[in-house]
Amino acid sequence: MKKRTKTKTKTQPVVIRNYRDTLFRMLYRNKVRLLSLFNAVNGTHYDNPDDLTITTLEGVLYLGMKNDVSFIIDSQLVLYEHQSSVNPNMPLRDLFYVACVYSALIMNENLYGEKLIQIPEPKFVVFYNGQKMMPERQELRLSDAYERKSEKKSMELIIEVVNINPGNNQELMEKSPTL
């Protein structure tokens, strides 16, 4: 996962960031592994991979972005991302991702009609394995980016960041060896 670059004095390791991202996407394109990860994260016991409906944005670009893995299970829209660097903009990015996924899901519905269009409840998780020290779990909130901090927020998006570095979230790591 590391490539070496020569400097005048010594060789420095450089992380190839896209390699980890591609590996995460490749591993969890498999529905059996993805269902296993979902069960490990949520303490559930789903056993039929066909219960998953994959909604990952493939080839759909919004400002040059793609999401890692997204799917629907039991009326829940789950977006999983992998990060090897701290990114406080993940809630904003996930807002764009979920808007694209919802747009695709309701494409043939009457958005202007009187009938309420039911949508799956979103859940956002980022798996972090970078070098910067991070707590085992933390939340990132879209409202942290708001310039104005009103008491009553009209919209919130919360991402659970799960540290998957060695020594962190041991129970989860045991339940999901692929992770």
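1. A residue is called buried when its relative accessible area is under 20%, and exposed when that area is over 50%. These cut-offs are applied below to three loop residues of a predicted model.

2. Asn-169 has a relative accessibility of 7%, so it counts as buried. This residue sits in the loop that runs between β8 (158-163) and α4 (170-175). The phi angle of Asn-169 is positive, near 45 degrees, although the residue is not a glycine. For context, most residues other than glycine have a negative phi.

3. Ser-75 is another non-glycine residue with a positive phi, here near 60 degrees. Its place is the loop between β4 and β5 (76-83). Is Ser-75 buried or exposed? With 58% relative accessibility, Ser-75 counts as exposed.

4. Thr-56 belongs to the loop joining β3 (53-54) and β4 (69-73). Its relative accessibility is 14%, and Thr-56 therefore counts as buried.

5. Which backbone atom does the side chain of Thr-56 reach? The partner is the backbone nitrogen of Ser-70, at 2.9 Å. Ser-70 also appears among the residues in contact with Thr-56 once neighbours within four places in sequence are set aside. The others in that list are Arg-25, Asn-67, Asp-68 and Val-69.

6. For checking against the model, the points to inspect are the phi of Asn-169, near 45 degrees, the phi of Ser-75, near 60 degrees, and the 2.9 Å approach of the Thr-56 side chain to the backbone nitrogen of Ser-70.

Key:
Residues numbered from 1 in each chain as written. Predicted model: local features only at pLDDT ≥ 70, side-chain atom pairs only at ≥ 80, totals over all residues. Heavy atoms only, no water. Helix = DSSP H or I, 4+ residues; strand = E, 2+ residues; numbered from the N terminus. Buried < 20%, exposed > 50% of the residue type's maximum accessible area, 1.4 Å probe, protein only. Polar contact = N/O pair within 3.5 Å; in protein donor to acceptor, adjacent residues only side chain to side chain. Contact = heavy atoms within 4.5 Å.
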